[in-house]
Amino acid sequence: MHGILDGAVLFFTALESLLPVLLLALLARRHRPHSTTIQAAALGIGLLIALLGLPVPGDPSVVGLYARGYLVALGLLVLLNLRLPTGLVLLLVLATGTLTGLEAGNAVIVDPATGSAPAIGFLSSAICFYLPAALIASRYTEGWQRIAMRVVASWIAAIAAIDIAFMMVGSD
Amino acid sequence: MISALSRKAPQRISTDAAGSVSRLAISVLALCALLPGLALGHVESGIAGDGGFISGLVHPVTGLDHVVAMVAVGLWGAILGAPAIWFLPIAFPLIMTVGAVLGILDVPVPAIDLGIAASAIVLGGMVTANARPPLAIAFLLIAFFAIYHGHPHGAVLPDFGVPILYAAGFVVATGLLHVTGIAFGLLYRWPAGKTAVRALGAGIAVVGGYFLLLAIGRGL
């Protein structure tokens, strides 16, 4: 990791970072577009908490398992097409940011010499991806569009579940 | 009339602005979608190498018995109409994941080849016979077969680059096979299309029969 661009590219090339944020955008689509800005801020705060100081308790690889389990739950929430309270969505956004940041932490903050530049790149990418994705998702909510989003959510939940199994085998 | 137009004008401007924002947002996202291509340069990314996205994408389409059964799920969903048309293709990959997890964890499932061949026969038969059971029955049927289809994908572990990319390729390929079946199944609304879809269902059942004979020949 040598700079902001490395952190930014990491977000877009690591599915474990990209998919939770995509699911969040799909989850938040049933809320008014202006709350998207607040959610993006909450996502940034969650990532900041994780990237800049929150120590990982115990085995760092366990964070991946938790993150994937959380991704399955998030996918099922989108699949069920529930209209969650705004406060709960904010809480989920914050939790997603924190988990994603914790998992990416090792890759982003690996070299003290580069400082926080990769972390800033990672965080900026997450927010820059979330905002348009949530706005687009909130505009296309009828008929086939809604079904397509639920299908994508079910696929992401399935991907996360398979990855959990691979992690469990790998940790044996 | 002028006052009515002036009242509508800000709304029109607002709609245009929203459209521009949407088009801009779609363009930005489309550019973002190109970025993972950068990872092709990384050997460890797993996208281009063994055990990565392409491996997962190719795995479900390398076995004809898998392919025909998954297309049959889409065909049957299209024949059954809403909500089965989207419910079955969502349920199948999810339940198939359970089978894949069992395979990854080395939990044995008996007579895998027989189950996969039977799925093509039964699902192809359902399409041919224009069978319209209640959604719950259709779900139970495809859920049962989905376990059989998922298990081998998990059991045959590739030499990994990035497991999550393999999982993504595997799930996306499965979903796209369903979508292919649905797309073809939509022809069912026309008389000639109905014949074609039912003929395809019969073909799928025949392919399933062939694989059933092979499985029996190998002693299951």
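Helix axes that meet at an angle over 145 degrees count as roughly antiparallel. In the predicted model described here, helix H2 (residues 15-27) of chain A and helix H7 (residues 143-170) of chain A cross at roughly 150 degrees, and H2(A) and H7(A) are therefore roughly antiparallel to each other. Their axes come within 11 Å, and the crossing in which H2(A) passes H7(A) is left-handed. On the H2(A) side, the residues that take part are Leu19(A), Leu23(A) and Leu26(A). These residues meet Met149(A), Val152(A), Ala153(A) and Ile156(A) of H7(A). By class, seven nonpolar residues form this contact, with no polar and no charged residues.

Both helices belong to a chain built from helices. Chain A contains seven helices and zero strands, and the order of its elements from the N terminus is α-α-α-α-α-α-α. Of the 172 residues in chain A, 51% are buried. Among contacts in chain A between residues at least 6 apart in sequence, 93% join residues at least 24 apart.

Leu24(A), located in helix H2 of chain A, illustrates burial at the level of one residue. A residue counts as buried when 20 or more other C-beta atoms lie within 10 Å of its own; Leu24(A) has 28 such atoms within 10 Å and is therefore buried. Apart from neighbours within four places in sequence, Leu24(A) is in contact with Val93(A), Thr96(A) and Tyr130(A). Leu24(A) and Leu90(A) are separated by 66 residues in sequence, while the distance between their C-alpha atoms is 9.9 Å.

Chain A also adjoins chain B. In this interface, 26 residues of chain A are in contact with 29 residues of chain B. Two or more residues on the chain A side come from each of helix H1 (4-13), H2, helix H6 (117-139) and H7 of chain A. H7(A) gives the largest share, 15 residues. By class, the chain A side comprises 20 nonpolar, two polar and four charged residues.

Within chain B, a second pair of helices was examined. Helix H3 (residues 64-80) of chain B packs against helix H7 (residues 163-185) of chain B at an angle of about 45 degrees, and their axes are 7 Å apart. H3(B) and H7(B) are therefore oblique to each other, and their crossing is right-handed. Among the residues of H3(B) in this contact are Val67(B), Met70(B), Val71(B) and Gly74(B), and those of H7(B) include Thr174(B), Leu177(B), His178(B) and Gly181(B). By class, the contact of H3(B) with H7(B) has twelve nonpolar, seven polar and no charged residues.

The largest nonpolar core contains 116 residues, of which Leu23(A), Ala72(B) and Ala120(B) touch the most other members. H7(A) supplies the largest share of this core, 14 residues. Leu23(A) is also one of the H2(A) residues that meet H7(A), and Ala72(B) is one of the H3(B) residues that meet H7(B). Ala120(B) touches Ala72(B) itself, as well as Asp65(B), Val68(B) and Ala69(B). Further residues touched by Ala120(B) are Ile204(B), Ala205(B), Val207(B), Gly208(B) and Phe211(B), where residues up to four places away in sequence are not counted. In soluble globular proteins, nonpolar side chains tend to be buried together.

Notes. Residues are numbered from 1 along each chain as its sequence is written. Chains are lettered from A and ligands numbered from 1 in the order in which they are written. This is a predicted model: local features need pLDDT of at least 70, side-chain atom pairs count only at pLDDT 80 or more; totals for chains, interfaces and linings use all residues. Axes are lines fitted to C-alpha atoms, for helices over the stretch in contact, and angles run from 0 to 180 degrees between N-to-C directions. Helices (H or I, at least four residues) and strands (E, at least two) are DSSP runs, numbered from the N terminus. Angles under 35 degrees count as roughly parallel, over 145 as roughly antiparallel, 65 to 115 as roughly perpendicular and the rest as oblique. A crossing is left-handed if the near helix is turned anticlockwise from the far one by less than a right angle, and right-handed if clockwise. Two residues are in contact if their C-beta atoms, placed from the backbone, lie within 7 Å. Ala, Val, Leu, Ile, Met, Phe, Trp, Tyr, Cys and Pro count as nonpolar, Asp, Glu, Lys and Arg as charged, and the others, Gly among them, as polar. A nonpolar core is a set of buried Ala, Val, Leu, Ile, Met, Phe, Trp, Tyr and Cys residues joined through C-beta atoms within 7 Å. A residue is buried if 20 or more other C-beta atoms lie within 10 Å of its own, exposed if 12 or fewer, and partly exposed in between; C-beta atoms are placed from the backbone.
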